[in-house]
Amino acid sequence: MRYLLFCFLYFATMANSSLIVPLSTQVKLVPVYLAQITGQNTEFNEEYLDKLSAVLRYDFENNGTTQLSPLSKERELFAAATYLHPRENLEGWRQAKVLFVIIPKMQANHLTVRVFTVSDGSSREISDITLSGELQEDRRRIHHAADSIHLALFGKEGVASTKILFTRRLKDRSGQMQSEVWQSDYDGANAHQVTQEEAYVITPSYIPPAQGKAVSQFLYVTYRWGQPKIMYASLKNGQGVRLSSLRGNQLLPAISPKRDQVAFISDITGNPDLFLQPFTPENGPIGKPQQIFSSPRAVQGSPTFNPAGTKLAFVSNKAGRPQIYVMDLPKPGSRRIKPMVISTRARNGSAPTWSPDGTKIAFTAISEQVRQIWIYDFTTKEERQITEGKNHKENPSWAPDSSHIIYNTSDIGSAELYIIDLKRLQPCKISLGEGEKRFPSWEPRSKNSL
Amino acid sequence: MKYAIFLSIALSLSSCCRTRGDIWEDTKTAGRYFGKGFTVLTGGSDSYEAYDRVDFYPQGEEYGYVAFEEEESQAMLGMQSVEPPRETPGDPGCRLPSVEAFIDPSTDPELANSFQSIPFAFDNSQITQDVAIARVRAAASYMKSHPKVYLFVEGHCDQRGFEAYNLALGSRRANMVRNMLVAEGVSKDHVFTISYGKERPILLDNSEQAHQTNRRAEFKVYKPS
């Protein structure tokens, strides 16, 4: 009886520790052997080929689908033999429990990738790309090859060729904090500045592209004129145009996946309320913005649209602390739509972002005094924490495959970008260099993009 | 012994699930929901959304947006709404300079005592502390005796909150100060707001003093020559 009481008291003193609940599919990654890029009659030296191999390897390690078998000299020889005589070497791969063998080869400046299916010995050439010898450009081509292979093997395009928008905050020469929008590849490479506001810029987000087109525009908030104002700009020149002539502070814009309206926060009423601005990327704002949600003595923030553009998730502290709510967009004649709170277990939530497939919302919430990334799943109606550790983490953004998330850490004086896939739940830092990197936005894809 | 076991079970079931802070927060939330529920039962509502776009509030139309119906919004807000200023410093066509021309009052002996920072409680935008009320009134007094002066109210937050949410909270803090200044008799067209969220902390460490210092509204003053 004493022992029973001791057990109860022991568990009674333990506060609820945060549980990282992995997806049931976490361990169901496809085992793959990816050989190093080797070349014949090629102008590229071994060192350059090793760099490209590292890029390809990174893409497969972080695609959330495959589990790479470790490289070894023995397996490299085995892969070379498989390339020449595929059916004679299948048993060895079966014993190694590998399902696919991927062998890239350079011939002159052409990179071909052949994939061998261990189960039946079939092989196919999936990718044939021309490399330039210029590393920045060749990295992008390798990323495209990785996505093509992913599509061919798994019926779903990878995210290796996507890009990330973010802000980089640095002190300028006068000691003032400046923040501009930057863009990089999804792995943090090829980072370059996009805006030249010479002001304080925050919260960039891509504007979804038209069908069949590539992303070319983005939204952001600038303090160029003093009060924060929302701008839309071309990625080519980064020169923004004001979204609205509304007075006061305008913050936290989000564009509908339908590309027909922008939700944002404005305090024109004297309170930070939720507004909708009809908008097209081609023609800009249409008519006046409409106030769509407010609450007495409450703060509203961070709207995000569902994929159909018919609902909004947003933050409000109308119940006393910031929580995530979902509401239908008002239709003509509709009255008294009540937003529904979804973050009940996660206390103090913020920065919601709706997944492109509509099944989940990622957000930030406090767990044991640390800001962590959480996911609300509409199919299971459950919330779960997907990050851990002492660093604060915020501002999640979904990849177009709805399986990866990017976020920034947010400790005092330090902020870095991390990507994480929902199967492995292993964060991978992608940002490099000085400055605080924050407010990431993951490039969306058009519906018909391949 | 039976009672001890029962008490242990009860305690374990409660404390296993939540910390003490969580229980206190939930108690406060339950109280707010009770109040809101009573309001709804008596015919009110705690939040609302826009009606058809043809039903707009004239003031909203004047300031460039489609708003809720004024009568209902005032009843629900329970407070008099403060109109926005007619102009925004720095905007194209505005005769007022941008915020860079507004000075930190602590650098001017004439202004320093009248425009001290307004403190706020954590995750709160209410001006309830005596020192906060006194400081807003001091600012209002100066503005009323110097009607040509213009003022920016900056809303700031401490480093513990969310980056995105704090941008909105900073806006609310700045507007609460503005509302009080206007209620005290300051011209609504002479007071503007900026939200900086937690982007411009004064102190960067993790101490309670730093957090308290960073949770503030600050003034920036423009005296036309």
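A polar contact is a pair of N or O atoms within 3.5 Å; within protein, one of the two must be able to donate a hydrogen and the other to accept it, and residues adjacent in sequence count only if both atoms are side-chain atoms. With that in hand, a good place to begin is Ser316(A), whose side chain reaches the backbone nitrogen of Lys318(A) at 3.2 Å. The structure discussed here is a predicted model, and every distance and area below is computed from it.

Ser316(A) belongs to strand β20 of chain A, which covers residues 311-316. The residue has 0% relative accessibility and therefore counts as buried, since the cut-off for that class is under 20%. Its surroundings, leaving aside neighbours within four places in sequence, bring Ser316(A) into contact with Phe293(A), Ala298(A), Val299(A) and Gln300(A) on the earlier side of the sequence, and with Arg321(A), Pro322(A), Gln323(A) and Tyr325(A) on the later side. The last of these partners, Tyr325(A), sits in strand β21, made up of residues 323-328. Tyr325(A) is buried as well, with a relative accessibility of 2%. The C-alpha atoms of Tyr325(A) and Leu312(A) are 8.1 Å apart in space, while 13 residues separate the two in sequence.

A second buried site in chain A is centred on His143(A), found in helix α5 (residues 135-154). Its relative accessible area is 1%, so His143(A) falls in the buried class. The side chain of His143(A) makes a polar contact of 3.2 Å with the side chain of Asp187(A). Asp187(A) also appears among the residues that His143(A) touches once those up to four places away in sequence are set aside; the others are Val55(A), Asp59(A), Ala160(A), Ser161(A), Asp185(A) and Tyr186(A).

Glu416(A) offers an example from a loop, in this case the one between β28 (404-409) and β29 (417-421) of chain A. Despite its loop position, Glu416(A) counts as buried, with a relative accessibility of 16%. A polar contact of 2.5 Å links its side chain to that of Ser431(A). Ser431(A) is one of the contacts listed for Glu416(A) beyond four places in sequence, together with Tyr407(A), Asn408(A), Thr409(A), Lys429(A), Gly435(A) and Lys437(A). For Lys437(A), the separation from Glu416(A) is 21 residues along the chain, yet 5.2 Å from C-alpha to C-alpha.

Two further loop residues of chain A have backbone angles worth a look. Asn41(A), in the loop between β2 (38-40) and α2 (46-61), has a positive phi of about 50° although it is not a glycine. Glu198(A) also shows a positive phi of about 50° without being a glycine, and its place is the loop between β9 (192-193) and β10 (201-207). Are these residues buried or exposed? Asn41(A) counts as exposed, at 67% relative accessibility, and Glu198(A) counts as exposed at 68%.

Turning to chain A as a whole, the secondary structure comprises five helices and 31 strands. Its C-alpha trace spans about 75 × 75 × 50 Å along the principal axes. The radius of gyration is 24 Å, which agrees with the value near 22 Å for a compact globule of 450 residues. Of these 450 residues, 59% are buried. Contacts between residues at least 6 apart in sequence include 45% that join residues at least 24 apart. The accessible surface of chain A amounts to about 18,800 Å², with 51% belonging to carbon and sulfur atoms. As for charge, chain A carries 53 positive and 43 negative side chains, and the centres of these two sets are 9 Å apart.

Chain B is built from eight helices and four strands. Read from the N terminus, the order of its elements is α-α-α-α-α-β-α-β-α-β-α-β. Buried residues account for 48% of the 225 residues in chain B. In this chain, 70% of the contacts between residues at least 6 apart in sequence join residues at least 24 apart. Chain B exposes about 11,000 Å², and carbon and sulfur atoms supply 57% of that area.

Definitions and conventions: Residues numbered from 1 in each chain as written. Chains lettered and ligands numbered in written order. Predicted model: local features only at pLDDT ≥ 70, side-chain atom pairs only at ≥ 80, totals over all residues. Heavy atoms only, no water. Helix = DSSP H or I, 4+ residues; strand = E, 2+ residues; numbered from the N terminus. Buried < 20%, exposed > 50% of the residue type's maximum accessible area, 1.4 Å probe, protein only. Contact = heavy atoms within 4.5 Å. Rg over C-alpha atoms; globule rule 2.2 N^0.38 Å. Areas by Shrake-Rupley, 256 points an atom, 1.4 Å probe, with all protein chains shown as cover. Lys, Arg positive; Asp, Glu negative; His and termini not counted. Charge placed at Lys NZ, Arg CZ, Asp CG, Glu CD.
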